[in-house]
Structures are given as C-alpha cells and as structure tokens.
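Trainee: Could you take me through the charged pairs in this one, slowly and in plain words? I'd also like to know what surrounds them and how far to trust what I'm seeing.

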Amino acid sequence: MSSDAVAAARKGRLKQRYDNEFRLVAGCVPYRVKKGDEGSNPCSSDAAEVEVLMISTPNRADMVFPKGGWEDDEDVYQAASREAMEEAGVKGDINRAALGHWVFKSKSSQNSTSPRGACKGYIFAMEVTEELESWPEQDTHSRRWVSPQEAYQLCRYDWMREALTALLERLSVIEPVAAASTPELTDQAGMYMMLQASSDSAMALC
C-alpha cells in the first residue's frame with residue numbers, strides 16, 4: 001500500500017467534454033484476483049477469488065463504482081484511471097475494451113425526455129496494482145473490497161450490475177449470458193429508465 005502525497009481532486013466543469021448535449025463520463029470497476037491452488041481448474045472458484053472495490057457516498061447504505069467527468073486534456077482511459085485514484089485511492093491497469101456504455105440522467109432532469117442534463121458513461125475494468133493510504137476524496141468516499149455476490153447486493157443502479165456481470169464474464173468467473181436479467185427495481189424504479197439509443201445503453205442518475 002502506497003503512502004503517496006495526496007493530490008487535489010479536479011473540481012468544476014471548465015474542461016468537461018460533451019457530445020452534443022451529453023456530458024461525457026468515464027469510470028471503472030476496480031478488481032483484484034487472488035490466485036488459488038496450482039493445478040486447479042482456472043475457471044473454478046477454488047482457483048481464483050475475484051474481489052471488486054466499491055466506494056461509499058454520504059448518507060447511503062448502498063455503494064457505487066468510481067466514475068466522473070471526462071475532461072478535454074485526457075483520453076477516456078486516463079479519465080477513468082483518474083477517477084479511480086481520486087474517489088477510491090487506487091491505481092491499476094485499465095483494459096481498453098469497455099465493459100459497456102450507459103446513459104445517465106442527472107437527478108434534476110430525470111423526468112425529462114430531452115438529452116439535456118444527461119451523461120454518456122464509458123465503464124472499464126481496472127486490475128488494481130496499488131492502493132494509496134490517502135486519496136483526494138477519502139472524506140466523502142470510503143472504499144471496501146467485496147465479493148461479486150456482495151457487490152450485486154450493494155450496487156445502487158442496475159447498470160452497475162450489468163458492468164459487474166460483463167467483468168465476471170471477461171474473467172471467466174461466470175458463463176457469458178445472452179441478456180443479463182434485470183433485478184427487480186426497488187426504490188430506484190423512478191430513476192432507472194431506458195433511452196432510445198443503442199440497445200446496451202441504460203439510464204440512471206449521474
């Protein structure tokens with residue numbers, strides 16, 4: 001675990017990238033793989049234990065994956081890596097093949113059919129190689145390593161479960177599925193909607 005000096009988190013949207021009226025967002029699902037006994041089936045739970053890193057937000061029991069605005073002086077992979085460092089205090093290797101992309105609505109515009117106030121989010125897998133002892137947003141985001149099973153329960157939005165499923169399929173932890181089933185919506189029912197965009201785009205809150 002590193003004790004690097006804490007850098008300041010980026011604030012404001014002066015450098016924010018946009019695609020027409022959509023604010024562009026980048027994020028990742030940080031993970032680590034604990035190797036099991038040699039000679040075990042590499043696809044079995046005995047051979048490798050996958051954990052994902054989630055972060056808390058104030059006054060909420062559920063958790064999220066790090067994400068935030070993609071700015072005009074960085075590429076999307078740098079943006080996803082920066083958000084992981086700022087919000088979760090981790091660094092690692094980004095897989096440049098996205099787990100998927102989704103459309104998120106801000107809370108103030110969730111009932112609008114206009115793209116104004118919406119974000120396009122690109123989510124990647126990050127294999128964590130370093131954990132910082134201090135990080136820019138640790139006062140508002142604590143971090144926690146959890147099993148995939150626990151992560152499914154903690155995920156605030158369905159798009160997060162879809163990204164997690166894509167990661168586990170990629171790591172051969174679970175068999176690929178043609179169409180991931182959508183868990184029953186609870187208090188998020190009014191926040192989770194579909195956009196008339198690509199078939200793998202979903203709408204939640206920014």
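**Charged pairs and their surroundings**

Mentor: Let's start with Lys 120, which has a relative accessible area of 22% and so counts as partly exposed. Keep in mind as we go that this is a predicted model. Lys 120 has a salt-bridge partner, Asp 19, and the closest N and O atoms of the two are 2.8 Å apart. Asp 19 sits in strand S1 (residues 18-19) and Lys 120 in strand S6 (residues 118-131), so this pair ties together parts that lie 101 residues apart in sequence. Asp 19 has a relative accessibility of 29%, so partly exposed is the label for this residue too. The general idea is one you know from the bench: side chains of opposite charge can pair when their charged atoms come close.

That pair is one of the 13 salt bridges in the structure. Let's go to another, between Arg 156 and Asp 62, where the closest N and O atoms are 3.0 Å apart. Here too, distant parts of the chain are linked: Arg 156 is in the loop between helix H2 (148-154) and H3, while Asp 62 is in the loop between strand S3 (48-55) and strand S4 (67-69), and 94 residues separate the two. Both partners fall under the 20% cut-off for buried. Arg 156 has a relative accessible area of 10%, so it is buried, and Asp 62, at 15%, counts as buried as well.

Next up is Glu 131, which forms a salt bridge with Arg 143; their closest N and O atoms are 3.9 Å apart. This pair joins strand S6, where Glu 131 sits, to strand S7 (residues 143-146), where Arg 143 sits, with their positions 12 residues apart in the sequence. Glu 131 and Arg 143 are both buried. This pair also belongs to something wider: salt bridges with shared partners join Arg 32, Lys 34, Glu 51, Glu 131 and Arg 143 into one network.

Back to the Arg 156 loop for a moment, since helix H3 (residues 158-170) is on one side of that loop. H3 has 13 residues and reaches 19 Å from its first C-alpha to its last, close to the 18 Å expected. Of those 13 residues, 10 are buried, so H3 is largely enclosed by the rest of the structure. The buried set includes charged residues such as Asp 158 and Arg 161, along with Trp 159, Met 160 and Leu 164. Just past the end of H3, Ser 172 takes a positive phi of about 60 degrees.

Leu 168 is a handy residue for seeing what H3 packs against. Leu 168 has 2% relative accessibility, so it counts as buried. Leaving aside neighbours within four places in sequence, Leu 168 is in contact with Val 50, Pro 148, Tyr 152, Val 173 and Ile 174. Try the C-alpha distance to Ala 125 too: Leu 168 and Ala 125 are 10.0 Å apart in space and 43 residues apart in sequence.

For a second helix, look at H1 (residues 76-88), which has 13 residues and reaches 18 Å, close to the 18 Å expected. Here 10 of the 13 residues are buried, so H1 is largely enclosed by the rest of the structure. Charged residues turn up among the buried ones here as well, including Arg 82, Glu 83, Glu 86 and Glu 87. At the start of H1, a side-chain oxygen of Asp 75 reaches to within 3.1 Å of the backbone nitrogen of Tyr 77. Just after H1, Gly 89 takes a positive phi of about 70 degrees.

If you were wondering about cysteines, a search of the whole structure finds zero disulfides. Cys 28, at 0% relative accessibility, counts as buried, and so does Cys 155, at 3%.

Now for trust. The chain averages a pLDDT of 78, and 66% of the residues score at least 70. Confidence is highest in H1, at 97, and lowest in strand S8 (residues 203-205), at a mean of 49. Over residues 178-203 the pLDDT is below 50, though that stretch has 44 contacts in the model beyond near neighbours in sequence. Where pLDDT is low, the predicted coordinates should not be read in detail.

Definitions and conventions. Residues numbered from 1 in each chain as written. Predicted model: local features only at pLDDT ≥ 70, side-chain atom pairs only at ≥ 80, totals over all residues. Heavy atoms only, no water. Helix = DSSP H or I, 4+ residues; strand = E, 2+ residues; numbered from the N terminus. Expected span 1.5 Å × (residues − 1). Buried < 20%, exposed > 50% of the residue type's maximum accessible area, 1.4 Å probe, protein only. Polar contact = N/O pair within 3.5 Å; in protein donor to acceptor, adjacent residues only side chain to side chain. Contact = heavy atoms within 4.5 Å. Salt bridge = Lys/Arg side-chain N within 4 Å of Asp/Glu carboxyl O. pLDDT = per-residue confidence, 0-100. Disulfide = S-S within 2.5 Å.
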